[in-house]
Amino acid sequence: MGTREARAAEAVKRSPRRSRDAFAALAGVLAAGAGVLAGEVSAALLSPSLSPVSAVGGAVVDFAPAAAKDWAIQTFGTGDKAFLVTVIGLALALLGAAAGVLELRRGGLGAALAGAVGLVGLGAVATRSLSSPAAWASALLAGIVAMSLVRWLIGRLRREATMPGDMDERDAARSPARVTSPGPVGSGSGALARRGFLRALTGTAAAVALGAVVAGVMRGTALAASAAREALRFPAPKDPAPPIPDGVEVAAPGVSPLVTPNADFYRIDTAFVVPSVDPNGWHLDVTGMVEQPVRITWAELLAQPLVERYVTLTCVSNEVGGNLVGNARWLGWPIRELLARARPRAGADMVLSRSVDGFTAGTPLDALTDPARDALLAVAMNGEPLPPEHGFPVRLVVPGLYGYVSATKWVTELKVTTFAADKAYWSTRGWSEKGPIKTASRIDVPRRGTRVPAGDVTVAGVAWAQHRGISRVEVRVDDGAWSPARLGAGISRDTWYQWAASVRLAGGHHRIAVRAVDGDGQIQSADTTPPAPDGATGYDTIDVEAT
Ligand SMILES: Nc1nc2c(c(=O)[nH]1)N[C@H]1C(S)=C(S)[C@@H](COP(=O)(O)O)O[C@H]1N2
Ligand SMILES: [Mo]
């Protein structure tokens, strides 16, 4: 064993209390890391859909006040999960450090803290709808590993700190044998204990690093599962989407593409990790107020006559001018066909759809049975199997309703029920039971706050009022009159429309606003209201500087 280690051990021993605290904190962080890794790796093996960290994340998402969630979605958008993981990681590191220092102060105290954190993990698992004995075991393992490592590592550090030799440090330092010894410093159990701590610390660090590599490889396996998804081929639709009519697109650089590529499609959900659902084990149950409960498997679903429709999804959390809206071509089976098999009973007025991770949405039954509204059990998005984060293998798509009351991803159950008897996920958190999409319009170009050349300027964007369609879009410069924009033909009334207008801007500051009129002739609401409880209203307005 090298002299370097011996010197390091000496440093630990001679370190004043503050740096011993630092070593204890480091040991605590490592113990926490080892616990988390043990839990995550065992969960990846035993309960792929629920790990201790994802359980804590899910519980945080569910129990956080709605305002905090709204804030996270508004602030971080699709990065809200990454933000939450970071916060949880930092919190665990801090708790680990605290456990290390506490354990150094008093044996057992830090381990108790680690155990308490483990209990929180167990509690979080208990609140998840996917909790299983395996998920419980993973959380338990995480807690036990962290507890025992804190106890073990700090035990070594404490022994070193209270060695008889240390009481007498200056004497020891004066000893010539000590100063000149080229070999291991000192002799007997004290020196061994001293080096023992560092060895244990580096050993733990190595184990944590190895665990991280193993976890990385397992992630790779999950990626392999998604390769299976890519190998899927769907039958041709019995009823393909009608071809996109001419004149749908308005030529205006910078306007949102009519069809949103999957990679750019907004993602909003409460799922902490994307549920990975094997289509071969998937089935959908129609339950509740029906004459005939029905179960349909993946193979049975694909054997139905599938239809293809363009539908624009919108999130109720979308601010005026926001980007939580996207248009895609969906392949699926009309939900009304499935419901017809189950035969809903009289009195039912709602379908509570449930996803594998327990999320629920409450959709008016008549929106799903309406022959004029193609509500789909969708399996493909823009010609690809649903991306995992957009609900693979099956999700709901209902034209005209905000996502939170209709667009359940990873769907596994349709319970026919009543609004009086059942409450969906967001309805118990301050959002409206019903969520028809409000008429809205957005300016894509010019970008807000930019400079534009004075003269004729193209203003362009999108407008939507799903299932009612858009009949007119108007723009206004400063306090001028509303003037009509060129309106694209629209793929269907269930999708958004592009629009463009040319406005003449003299040099200086200008404010440009847009508003839309829906297919029923209703003008978009001018009142400025926030997203909660049933969707934002107001006119999208931008400021530009013409030079
Ligand atoms: N399982 C599940 N499905 C869900 C949600 C969810 O949290 N969990 N969120 C809904 C909301 S609020 C919206 S706006 C849409 C968004 O769908 P997307 O992520 O594919 O754009 O999904 C809906 N479906
Ligand atoms: Mo949403």
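**Group meeting: strand pairing, a helix pair and two enclosed spaces**

In strand β5, residues 350-355, five bridges form the connection to β6, and the two strands run antiparallel. One of the pairs is arginine 354, whose bridge partner in β6 is threonine 360. I should state at once that this is a predicted model.

These two strands belong to an open sheet of five strands, ordered β2-β1-β10-β5-β6, in which the pairing is mixed. Which strands form the edges? They are β2, residues 294-297, and β6, residues 360-364, and each of them pairs on one side only. From one strand to the next, the twist averages 20 degrees.

Let me turn to the helices. The axes of helix α5, residues 80-105, and helix α6, residues 109-127, come within 6 Å of each other and cross at roughly 155 degrees. Angles over 145 degrees count as roughly antiparallel, and α5 and α6 are therefore roughly antiparallel to each other. On the α5 side, the contact is made by Leu92, Leu95, Ala98, Ala99, Leu102 and Glu103. On the α6 side, the residues are Leu109, Gly110, Ala111, Leu113 and Val117. By class, this contact comprises nine nonpolar residues, one polar residue and one charged residue.

The helix pair leads us to a pocket. The second largest pocket has a volume of about 480 Å³. Of the 28 residues that line this pocket, Val36, Leu92, Leu95, Val117 and Gly118 are the closest to its centre. Leu92, Leu95 and Val117 were also named in the contact of α5 with α6. Two or more lining residues come from each of α2 (17-46), α3 (52-63), α5, α6 and α7 (133-161). Which element gives the most to this lining? That element is α5, with eight residues. As for its character, the lining divides into 22 nonpolar and six polar residues, with no charged residues.

Finally, I come to the cavities. How many cavities of 30 Å³ or more does the structure hold? There are two. The largest cavity has a volume of about 370 Å³. Its lining consists of 27 residues, and those nearest its centre are Ile268, Asp269, Phe359, Gly403 and Tyr404. Helix α4 (66-76) and strand β3 (307-314) each supply at least two residues of that lining. By class, the lining of the largest cavity holds 14 nonpolar, seven polar and six charged residues. The lining of the second largest pocket, by contrast, has no charged residues.

Definitions and conventions: Residues are numbered from 1 along each chain as its sequence is written. Chains are lettered from A and ligands numbered from 1 in the order in which they are written. This is a predicted model: local features need pLDDT of at least 70, side-chain atom pairs count only at pLDDT 80 or more; totals for chains, interfaces and linings use all residues. Side-chain values use heavy atoms; hydrogens and water are left out. Axes are lines fitted to C-alpha atoms, for helices over the stretch in contact, and angles run from 0 to 180 degrees between N-to-C directions. Helices (H or I, at least four residues) and strands (E, at least two) are DSSP runs, numbered from the N terminus. Angles under 35 degrees count as roughly parallel, over 145 as roughly antiparallel, 65 to 115 as roughly perpendicular and the rest as oblique. Contact means heavy atoms within 4.5 Å. Ala, Val, Leu, Ile, Met, Phe, Trp, Tyr, Cys and Pro count as nonpolar, Asp, Glu, Lys and Arg as charged, and the others, Gly among them, as polar. On a 1 Å grid over the protein atoms alone, a cavity is a set of points where a 1.4 Å probe fits but cannot get out, and a pocket is an open set with protein on both sides within 12 Å along at least five of seven lines; lining residues have an atom within 4 Å of a point. Grid points are joined across faces, edges and corners, and a volume is the space filled by probe spheres set on the points. Two strands pair if DSSP finds at least two bridges between them.
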